[in-house]
Number of protein chains: 4
Amino acid sequence: MSLPPVGVFILGARGSVGACVALGTSGLRSGRFDATGLVTAREPFARVPLVDPSNLVLGGMDVRRGTLRDSALAISRQGIVGPDVVEAEMESLEEIDGRIVPGFLDAPDVELAQPEEVHPETLASRSVPPSEVVSRTGKAIELFQARAAVKTVVVVNLASTEAARPSPARWSELSSFEHDLAAGAPIPVSTLYAYAAIQAGCPYVNFTPSLGASPGALDALARARGVPHAGCDGKTGETLVKTALAPMFRDRNLQVLAWEGYNLLGNADGKTLSDPAHKAAKLLNKDEALRRVLGDRPDLHTRVGIEYVPSLGDWKTAWDFIHFRGFLGTRMTLQFTWTGSDSALAAPLVLDLVRLAELSCRRGESGAMAHAAAFFKSPLGTSERDFHRQNQRLEEYARAASE
Amino acid sequence: MSLPPVGVFILGARGSVGACVALGTSGLRSGRFDATGLVTAREPFARVPLVDPSNLVLGGMDVRRGTLRDSALAISRQGIVGPDVVEAEMESLEEIDGRIVPGFLDAPDVELAQPEEVHPETLASRSVPPSEVVSRTGKAIELFQARAAVKTVVVVNLASTEAARPSPARWSELSSFEHDLAAGAPIPVSTLYAYAAIQAGCPYVNFTPSLGASPGALDALARARGVPHAGCDGKTGETLVKTALAPMFRDRNLQVLAWEGYNLLGNADGKTLSDPAHKAAKLLNKDEALRRVLGDRPDLHTRVGIEYVPSLGDWKTAWDFIHFRGFLGTRMTLQFTWTGSDSALAAPLVLDLVRLAELSCRRGESGAMAHAAAFFKSPLGTSERDFHRQNQRLEEYARAASE
Amino acid sequence: MSLPPVGVFILGARGSVGACVALGTSGLRSGRFDATGLVTAREPFARVPLVDPSNLVLGGMDVRRGTLRDSALAISRQGIVGPDVVEAEMESLEEIDGRIVPGFLDAPDVELAQPEEVHPETLASRSVPPSEVVSRTGKAIELFQARAAVKTVVVVNLASTEAARPSPARWSELSSFEHDLAAGAPIPVSTLYAYAAIQAGCPYVNFTPSLGASPGALDALARARGVPHAGCDGKTGETLVKTALAPMFRDRNLQVLAWEGYNLLGNADGKTLSDPAHKAAKLLNKDEALRRVLGDRPDLHTRVGIEYVPSLGDWKTAWDFIHFRGFLGTRMTLQFTWTGSDSALAAPLVLDLVRLAELSCRRGESGAMAHAAAFFKSPLGTSERDFHRQNQRLEEYARAASE
Amino acid sequence: MSLPPVGVFILGARGSVGACVALGTSGLRSGRFDATGLVTAREPFARVPLVDPSNLVLGGMDVRRGTLRDSALAISRQGIVGPDVVEAEMESLEEIDGRIVPGFLDAPDVELAQPEEVHPETLASRSVPPSEVVSRTGKAIELFQARAAVKTVVVVNLASTEAARPSPARWSELSSFEHDLAAGAPIPVSTLYAYAAIQAGCPYVNFTPSLGASPGALDALARARGVPHAGCDGKTGETLVKTALAPMFRDRNLQVLAWEGYNLLGNADGKTLSDPAHKAAKLLNKDEALRRVLGDRPDLHTRVGIEYVPSLGDWKTAWDFIHFRGFLGTRMTLQFTWTGSDSALAAPLVLDLVRLAELSCRRGESGAMAHAAAFFKSPLGTSERDFHRQNQRLEEYARAASE
């Protein structure tokens, strides 16, 4: 029995990851690409009733000028796919583009954004009050649902990382958050989007380090509305390797003295992160993982650097150096270099999360999807950072959800 | 309640690993070293009734001339411990040395061995028939038990890797193996040692790639005699990292195209492995792990190289290069370099295995210790090679054995 | 004053390097590519009267079936150039293809070659006597010269590495070599080609490790005919880095203990080298360089490994590990990983050598071009292997040849 | 004919490098160590009349409490030499220690210094006016000369890097500098030391990135006094490799797009550099080298990071990542990891520079020793940063100075 199509409303739909998601779903449909990289395409997911990735209808919002085709061509210039692939999937890209509407700029980004790169409607709406961002987003989702002719819409945040700001303690309560919202207090756009999505009864996935649905208020809303959500910050590369390797040191009782990580990248994400406030949001999640797995010893020295190296484009290169102490006080090292296309690593995980969030919703689950922790640097609903334990939990969930 | 002392009869007691085991137990006793590197020193082993590592009495056999002190000084010249440490633990080393007797050369090694490096009694016994190797080894264990004044003796093989030879199919049966033994058929010395140990009711651990107790006949004997055994080939460095990382690729559905590994080392083990027949034994175990975890696809290209680089001494350096395919057909890489003291990595695992084997014996378990798979490249009693799953099984065992 | 066009007769014209040379010259002409990678495009070559790379007319011989377009598409599938580039330069590729005639198989390759991959005329000529290979090649060069309407033809060997064979001592004399040639003795095809080229008065460049013009007899012929020649084995990647770094250790009086190099590659060259006899030819040149620079100390441990890893295609990946001793007996390490497209690295050097060989010829120089040593792993006419000293000699030559 | 002994007055004589210099000269004398790592111990220096390193008499100044033995033991705890070596050379270390007097703190360091780590006399002299620092230093050198019974004293700066401060333009003139000195203007201590040394007619070497004799005024003084000087910032590790490799890219016309370097170290130098003002001084010299060799293109992205990783101690570990563009627009990478003992790399170069400075003085040369550029990150007297060209100039000097 085949499941009905599902809508995917992407915040930041014209970014690199968005373009790879678009090329990927359309390429899966045409048979050009296989499901390599999709976690839910392998065991133990075979008998789990997940929507088919070729049955997803994409759309969303974006603050940028330019088309999805432009982004896909940029992806191709970086050698992620050939220019012939973009050519072949052009019709599909244009169709998706027709379902993308202008988004809203986060307040700190109003200053930073280059006017000529921002959509005129986005610029025009830059002083719209928070409550109106919510209501307009809600309407955009509704419109998309109608255009896409789908019953369920999953909302996914793939927009550029926002500047880090402390999340006020009172946002752990839904009532105080809604009070602030009504009063026009400054709230990150990612959280306004999340609020709108959940309010509209849509499962919500935050693949970025931005605040999104992380405050308790949003989780309370999700539980009240019977909606599942997952986040935050997709675990695609260096942190994935970190959380796969750190358990080995823990389980062998080898004492990590220092774990230094350097990330070089040159895409729009990298450019955004070259601003200190934006970088702070990212670094927090990357560093925390290690201390959760290895124990937060004062003599454990860790560092995570992210540097913008324009020539690398989407090809993230990370070097990690691990200094550790073994028996007899011996000091040893492990170092690794990871080279991967950040967007091509993220895209299939986005598809996995859409499938899992829609399933969760259909199964009547609500609140943070702790079983999806393996996909995130800072998973909501659990403190587990060990990739293997996270993955085991996901597999147990899959077995329980099998038909 | 403290447990009585336990004897450890080490085959190859004067090698690098043997010297590190000796320095380590004596340093643990004096407080010079802590238990870093011992798996059984961390949770969930706190309430498991294991013998204290400082309560182990060491001895064994070795084919080489020279003393344990010589080996400890060689270890110190390579910067693994300071010369002051060897000086301080001298008395303890000499005491252990007094419990080490001449061992037997494996037939293919008779040709290769430098006479001036081999103990005269070992040379004299080089044409002794297999059955006599067994009976003399049995007597040596008995004598050690008396001298060490212990009830339980665990026998551990740390001797240099033997030349690889096919294990005849008929050795899966105890009776046919014993027929060959009586008939004087060529049997690797490691297997004769294992036979003698198990026959004597001693738990047996094979930390090397040599045949040891791997044939079914030996496992049958162990079950008949109510003796546990574990092996083979300690997982200390590159293969440890491999089996910790490979599951990540599997679980993310990333298709590994090639996994090329190069191991450089310069200790006696490295020298032995520079002989092709000896190297073959080692490579088999190192390569098999990957195919077990990733699936034995014909398009998966793997290679394991081991090269003897004298200047490195005990400091094994390994480079692994992993080429993999992700979503949209993108090709990415991960590479790592591991630098560790092979002997200092092995020694604490030897102590762990002695503790676990003695516990197993006390609990009345017999045959292959499948719960100890995490310690080995080619674990007996299970086909699991995923380090994290192996470790989970060990932890479950520990919880079950807790008081 | 512009120089007249020059013909380039390439042995192995349809290989990866050949395809990159074709795409490159035609892309330089159309302005699609710039001269990055061409040594002769930078100072001090500005006033040296070299033929313009866009003024080269390509052609040659090849043993394979299939067209230059097929090779160019294979290059594009590996992401070296986009498929759009091949499309755009199609006309030019076809024109070159029309000037490529069937080549001759080297005797040891007759067995190894897959008949379906070899040109029918090449198969038909596999038992042609050496002297006829020479005469037919001479005629092919003549025909090319006429078709290309050029006065000067430079012959360049880019064919797959031949199986290594000792070069008989008597080939140091032209007369004994010619006696063997007339007698039908087995002579590598690369050397027959070189003989034909020089005999025809064409400057000859051997970019491969095959024998080519290395025997003294060929140099004598070149001097007699007033023809310059250069070789052998293009220094494109790992050996380039080696010979740039080794002088640093020498000049700082740091004692290299071990230099271990591993090369992974997956192109046709890699496949050829997976045959031991072919690999031997290559390894000799790669290892020799180090001992020439660092001194041939018995305690210097070096190794060069080349492994065929199909998934890498043309993207050679090499890891080098250098263990060295400094003051106070301290032991330190340097390791590097090189990732480069072998063919895209080779192609501009081929253009450089064609330009330099033609200039040399025009200047009336003959015999081995020692000033071109920087381009080769095993330069003829000099024992200098230090890249910086080789390069300095090249720059001095350029200054002397400036107008 | 043997040369008379030469005094070496070391500023920062009890640091790690100072301790290695002390252990090294005394170990060269006793035959424990050989001259590996000394540039002047190899060709073409055999016939250059340099003072024998075993004929150097050490002493100097230091701001720290504690003895040279303490520093040597710290060196030994890091595995650079064995504790037995320190024990054996104790007498010699104590003798040198007797010739070390309290030094002066640089103004910005007065705040940062831990009082319990600073010598009481140094603390007491912290508000001494600049001119008195000069006169007291001059007297200390004189006293040392007498105690050491030497005619020539070479002054070497090995003290911790000072906080970076702009050098006023007017310090290019001796008269304005001396005016500031007399007026009590703030002048870095390293420059006061340099002034005192040159004033006293001593050759001066600045092995650190501190200002020292870099201002033109000091060079003018040196020329007036007939004294040679050299600096600054010893080129021991990552920058050495950088300046050995960068010429290769330049000479092959490969376009470097990005060169990212990360240095991890944990010694006192590393601790000092974790202060931003001190780090700035260091980074300037490390980054400049690349742009000098490769050309200061706006599209060349470079970065040099230095991070303090306490567990590494003196074992500097650096990772460099080079992204470059070759023919056909292909993008390729080279990455290297360097692991070396910073102090053991520096010590022999200090001995080389002492030998060369003394020779220069004896030959009547004065001002910046441009022929010593190969030893420095920011050589005085030349803009050449290419290691090989620097080294060639040194060798030419040696040949000219040969007897």
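What turn and what shift along the axis lay chain B on chain C? I began my notebook with this, keeping in mind that the model is predicted, and I found that a turn of 180 degrees and a shift of 0.1 Å along the axis lay chain B on chain C with an RMSD of 0.0 Å. I then looked up which surface these copies use, and noted that 100% of the interface residues of chain B are also interface residues in chain C, so the copies meet through the same surface.

**Entry: chain B and chain A**

I turned next to chain A, and found that chain B is superposed on chain A by a rotation of 180 degrees with 0.0 Å of shift along its axis, the RMSD being 0.0 Å. The two copies are thus related as by a two-fold rotation axis. I looked for the C-alpha of chain B nearest that axis, and it belongs to B:Phe336, which lies 2.0 Å from the axis. I also wrote down that 100% of the contact residues of chain B recur in chain A, the same surface serving both copies.

**Entry: the extent of the contact**

I looked up how many residues take part, and the contact draws 61 residues from chain B and 61 residues from chain A. Between them the two chains bury about 4,900 Å², and 63% of this area is on carbon and sulfur atoms. I checked which residues supply most to the side of chain B, and noted that B:Arg252, B:Phe327 and B:Leu328 give 20% of the area that chain B buries against chain A, more than any other three residues.

**Entry: polar links and the elements involved**

I looked for charged pairs and found four salt bridges between chain B and chain A; one of them joins A:Arg325 to B:Asp34, with the closest N and O atoms 2.8 Å apart. I also recorded 24 residue pairs in polar contact across this interface, counting pairs in which both residues are at pLDDT 80 or more. Several elements of chain B give two or more residues to the side that touches chain A, including α1 (16-30), α11 (238-251), β9 (315-325) and β10 (331-341). The largest share, 11 residues, comes from β10(B). When I sorted the residues of this side of chain B by kind, I found 34 nonpolar, 17 polar and 10 charged.

**Entry: the paired strands**

Finally I followed strand β10 across the interface, and found that seven bridges join β10 (residues 331-341) of chain A to β10(B), the two strands running antiparallel. Within β10(B), I noted that B:Thr339 stands opposite A:Thr333.

Conventions. Residues numbered from 1 in each chain as written. Chains lettered and ligands numbered in written order. Predicted model: local features only at pLDDT ≥ 70, side-chain atom pairs only at ≥ 80, totals over all residues. Heavy atoms only, no water. Contact = heavy atoms within 4.5 Å. Buried area = accessible area lost by both parts, 1.4 Å probe. Salt bridge = Lys/Arg side-chain N within 4 Å of Asp/Glu carboxyl O. Polar contact = N/O pair within 3.5 Å; in protein donor to acceptor, adjacent residues only side chain to side chain. Helix = DSSP H or I, 4+ residues; strand = E, 2+ residues; numbered from the N terminus. Nonpolar A, V, L, I, M, F, W, Y, C, P; charged D, E, K, R; others polar. Pairing = 2+ DSSP bridges. Least-squares fit on C-alpha atoms with pLDDT ≥ 70 in both.
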